[in-house]
Structure formats: C-alpha cells, structure tokens
Amino acid sequence: MPAQKTVLILGANSDVAKQAILLYVAKGYRVVAASRDLNTLEAFIVKHVTSIDVIRLIYFDAAAFADHQAFYDRLEWKPSIVLYAAGYLVDNEVALRQWPGTLQMMNVHYCGAVSILNIIVMDKSNTELGQIIGLSSLSGVRGRKSNFIYGSTKSAFTQYLAGLRQYLNSRKIKVNVIVAGYIRSKMTAGLNLPESLMLEPEFIAEAVVSASRKFVIVPGWKWKMIHLVLKLLPEQLVAKLP
Ligand SMILES: NC(=O)c1ccc[n+]([C@@H]2O[C@H](COP(=O)([O-])OP(=O)(O)OC[C@H]3O[C@@H](n4cnc5c(N)ncnc54)[C@H](OP(=O)(O)O)[C@@H]3O)[C@@H](O)[C@H]2O)c1
C-alpha cells in the first residue's frame with residue numbers, strides 16, 4: 001500500500017530532490033530526507049509540506065563512508081525506493097589543478113554512492129526494497145575536454161547502476177538512471193548555460209517519480225536528441241565539442 005512505503009532520498013537538499021520530496025509525499029509515500037544541511041531542508045519542508053509526520057530528516061554525508069552502515073542501521077523506516085541525488089561540481093580547469101575538488105566529486109558521485117547503495121541492497125531483510133534511482137548526467141556519456149573530470153565520475157556512477165540493475169534483477173528490484181542535461185539549480189547558478197536547454201528541477205523530479213522499467217531516462221526531448229547524437233558521434237567529432 002503506497003501510504004506504508006518509504007522513499008529514502010540521499011542528498012535531499014538538492015533542488016531536484018526537494019521537488020521529488022513534494023511529489024512522493026503527494027503520491028502517499030513516507031519520505032526519509034537525508035542531507036548534510038538539515039536546517040535548510042527543514043525550512044523547505046515546513047514551508048511546503050502540511051503533513052510533516054510522513055517525513056523524517058536525518059544527517060547524511062555521502063563522503064563519510066565510515067558512517068554509512070550506522071546511518072542505515074538508524075533508519076526507522078527502511079526504504080522501498082532509494083533516490084541518490086547528491087552531487088558536487090568543480091570547474092574542470094580548477095579540478096585539474098586542485099586535487100581536493102576532484103576527489104570530492106569522485107567521493108560524492110561514485111565512492112559515496114557505491115558505499116551506501118551496497119549497504120542498502122545487501123540488507124536482504126528489507127524485503128520492501130523495490131527501486132533505486134540515481135541522478136546522473138549527460139556529461140558522463142562521452143569524455144569531452146571541458147568537463148571530463150565531473151563527467152567521468154558521473155560515468156562511473158551510471159556504470160555502477162547498470163551493473164547493479166543486472167545484479168538485482170532476480171530480486172525484482174528496479175534500477176533507473178536519470179541522465180539529465182542542464183538543470184536550473186544551485187549547482188548551475190552563475191554558470192553561463194544556454195537558456196533554451198535549461199530544465200526545471202520540478203521537471204526532472206517528475207521523471208524521477210515516474211521512472212518505471214526503462215534503465216536510462218533522459219528527461220526532455222531536446223536532451224533525448226543530444227543524448228542520441230552524443231552516443232553515436234565518432235571520436236574525432238566529439239573532440240571538436242567544447
Ligand atoms: N544541475 C545540473 O545541471 C545537473 C545536470 C545533470 C545532473 N545533475 C545531478 O543532479 C543531482 C542533483 O543536483 P541539483 O541540480 O539538484 O543540484 P544541487 O541543488 O546543487 O544539489 C546537489 C546536492 O548535493 C548535495 N551534496 C553535495 N555533497 C554532498 C555530500 N557529501 N553528502 C550529501 N549531500 C551532498 C548538496 O547538499 P548540501 O546542500 O548539503 O550542500 C546539494 O544539495 C546531482 O547529482 C547532480 O550532479 C545536475
């Protein structure tokens with residue numbers, strides 16, 4: 001029964017994740033919103049959700065791997081659905097020169113995701129677990145000179161989810177990856193991106209909550225076309241892209 005089912009959102013202070021919280025609550029789910037910034041998240045929830053008894057807030061740092069098992073064990077409601085939304089962006093030129101930013105992207109998009117998702121899926125006592133959704137990026141589809149460090153961490157995340165989907169198939173647990181283009185969010189604030197390609201967090205959140213059997217979900221028809229072209233483009237043409 002949907003009212004009894006729980007969605008765990010990791011990196012719940014993301015602008016996309018916050019919209020997903022509202023949509024899941026509207027669909028009758030309980031939500032465990034896990035974030036480093038519980039004050040901001042609480043203010044958002046108090047403002048936008050009337051039935052706050054269906055939401056729990058819990059501290060979660062994707063890069064604090066040593067704490068992940070205790071984090072999972074503390075969950076009062078074990079999840080039916082898990083959304084991994086944590087993300088961190090450092091400019092490619094900065095990342096090339098400053099290792100901490102590069103490492104943090106790896107930790108947030110890949111190591112942290114693998115650490116916590118491994119713990120979640122290996123808890124076979126949680127027979128409710130039915131779906132895992134990851135927020136990944138078109139920048140992980142082909143290595144391009146302007147953003148290959150962020151992109152490679154997203155690519156690793158996407159490949160992990162692809163294998164996880166196969167691994168969990170016999171347990172009938174669905175795995176989806178949202179391969180998103182540009183989203184108007186905290187992450188892209190201040191970046192000079194083409195307005196015609198910007199997608200709203202609400203739109204991406206809709207794609208999250210409606211994710212079904214398909215593994216790769218590319219929200220927006222323009223980004224679907226870009227995704228297709230990117231996948232087919234010969235390497236010498238990818239090299240001409242920014
Ligand atoms: N924006 C885009 O154009 C775009 C495109 C494709 C994919 N994506 C991906 O979509 C996801 C959502 O991003 P968004 O656009 O909604 O941006 P956002 O609002 O900046 O959300 C990213 C969130 O990740 C959280 N986070 C960062 N490091 C964390 C950590 N160590 N532990 C826990 N949470 C952490 C941040 O939490 P704090 O509030 O605690 O800092 C932030 O709220 C990300 O995975 C992002 O990479 C974004």
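**Exercise 1. Which residue in β4 is the bridge partner of Leu8?**

Before we start, a note on the model: it is predicted, local features need pLDDT of at least 70, side-chain atom pairs count only at pLDDT 80 or more, and totals for chains, interfaces and linings use all residues. Residue numbers start from 1 along each chain, following the sequence as written.

Step 1. Find the two strands: β1 covers residues 6–10 and β4 covers residues 81–84, and they pair in the parallel sense over four bridges. Strands here are DSSP runs of E with at least two residues, helices are runs of H or I with at least four, and both are numbered from the N terminus. Pairing requires at least two DSSP bridges between the strands.

Step 2. Read off the partner: Leu8 is bridged to Val82 in β4.

Step 3. Look at what packs here: helix α5 (residues 99–121) lies on the sheet and touches β1, β4 and β5 (131–137), and its direction makes about 175° with that of β4. Angles run from 0 to 180 degrees between N-to-C directions, with axes fitted to C-alpha atoms, for helices over the stretch in contact.

**Exercise 2. Work out which strands stand at the edges of the sheet.**

Step 1. Write down the order of this open sheet of seven strands, which has parallel pairing: β3-β2-β1-β4-β5-β6-β7.

Step 2. Take the two ends: β3 (55–59) and β7 (216–217) each have a single partner strand, so one side of each lacks a neighbour in the sheet.

**Exercise 3. Describe how α1 meets α7, then how α5 meets α6.**

Step 1. The axes of α1 and α7 (residues 201–209) come within 8 Å and cross at roughly 55°. That crossing makes α1 oblique to α7, because angles under 35 degrees count as roughly parallel, over 145 as roughly antiparallel, 65 to 115 as roughly perpendicular and the rest as oblique.

Step 2. Pick out the contacts (C-beta atoms, placed from the backbone, within 7 Å): residues of α1 including Asp15, Leu23 and Tyr24 meet residues of α7 including Pro201, Ile204 and Val209.

Step 3. Now the other pair: the axes of α5 and α6 (residues 148–168) come within 8 Å and cross at roughly 10°. So α5 is roughly parallel to α6.

Step 4. Among the residues in this contact are Met105, Tyr110 and Leu117 of α5, and Ile149, Phe157 and Leu164 of α6.

Note on methods:
Contact = placed C-beta atoms within 7 Å.
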